[in-house]
Structures are given as structure tokens and as C-alpha cells.
Amino acid sequence: MTYEQVVEKVRAKYAEADASSIEGTQAIQVNLAGKNTEGIFYIEVKDGKVNVEPYDYHDNWATVTVAPTNLFKILDGKLDPVAALTSGKVALTGDADTVLRFIKLAK
């Protein structure tokens, strides 16, 4: 899977997300780590809508570094995000609660 395909798949995953419970603007940056898929994109909630864009987001609430396979396992509910973090499959800086909130939006 290419970087562009990963971003499109994440965008599709959030296309129907109901973010109306999140006030203001919040964003996380995702750093992809993996063969042929390295890149950066962000997931932002603004005005109750989720946006996924292939850029870095300097004012993010958290930064997550993850391989695409583990990212999709987490978003599909097949890998517990806390277990992924404690086992080193995911690296996180910033607000973990925001990341968990964004993961729930994808389901």
C-alpha cells in the first residue's frame, strides 16, 4: 500500500464520522513508518466535521507514529490502542485522550 492509498483509506474511514460532540478544533498528526509508506498526514475535527489531509499539522494535540498495518488494525478494532502503545507498535507524544477520542470516531 502506498502513502497516498493509506491517506485515502483513512479519509474513507472517517467519511461518515459523527464529530458533533467535539467542540472547537482538534487535530492529531500521524507519522507513517513503513516500507514505501513513509509520510505525514493529519486528522482534524473542526466544526463537527472530520478532515484527513496529507500535510503536517504544527498545532496538533498529539503526534502518533505507526506502521500502516497497525494503524488499520487499531481503526478496525482488531488491535487495542493502549496495548499497541505499551508494546511499542505505536509511539505517541502529546494528549493520549485526544488520540483515543479520534480512534472512537472511526468506528
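Here a biologist and a modeller talk through some salt bridges and a covered helix in a predicted model.

Biologist: What makes the contact between R11 and E8 a salt bridge?

Modeller: Their side chains come to 2.4 Å, N to O. The cut-off is within 4 Å, so the pair qualifies. Both residues sit in helix α1 (residues 3–14), three residues apart, about one turn of the helix.

Biologist: And why is the pair R11 and E53 called a salt bridge?

Modeller: The closest N and O atoms are 3.5 Å apart, and because the limit is 4 Å, this pair counts too. R11 and E53 form the salt bridge, and it links distant parts of the chain: R11 is in helix α1 and E53 in strand β3 (residues 49–53), 42 residues apart.

Biologist: Why is E53 called partly exposed?

Modeller: Its relative accessibility is 26%. Buried means under 20% and exposed over 50%, so a value in between is partly exposed.

Biologist: How do you know that K13 and D76 meet in a salt bridge?

Modeller: Their side chains lie 2.8 Å apart, N to O, which is within 4 Å and therefore fits. K13 is in helix α1, while D76 is in the loop between α2 and α3 (81–86), 63 residues away. D76, at 37% relative accessibility, is partly exposed. As for shared partners, E8, R11 and E53 are joined into one network.

Biologist: What makes helix α2 (residues 68–75) mostly covered?

Modeller: Six of its eight residues are buried. They are P68, N70, L71, F72, I74 and L75. Just after α2, G77 takes a positive phi of about 80 degrees.

Terms used:
Residues are numbered from 1 along each chain as its sequence is written. This is a predicted model: local features need pLDDT of at least 70, side-chain atom pairs count only at pLDDT 80 or more; totals for chains, interfaces and linings use all residues. Side-chain values use heavy atoms; hydrogens and water are left out. Buried means under 20% relative accessible area, exposed over 50%, partly exposed in between (1.4 Å probe, protein chains only). Helices (H or I, at least four residues) and strands (E, at least two) are DSSP runs, numbered from the N terminus.
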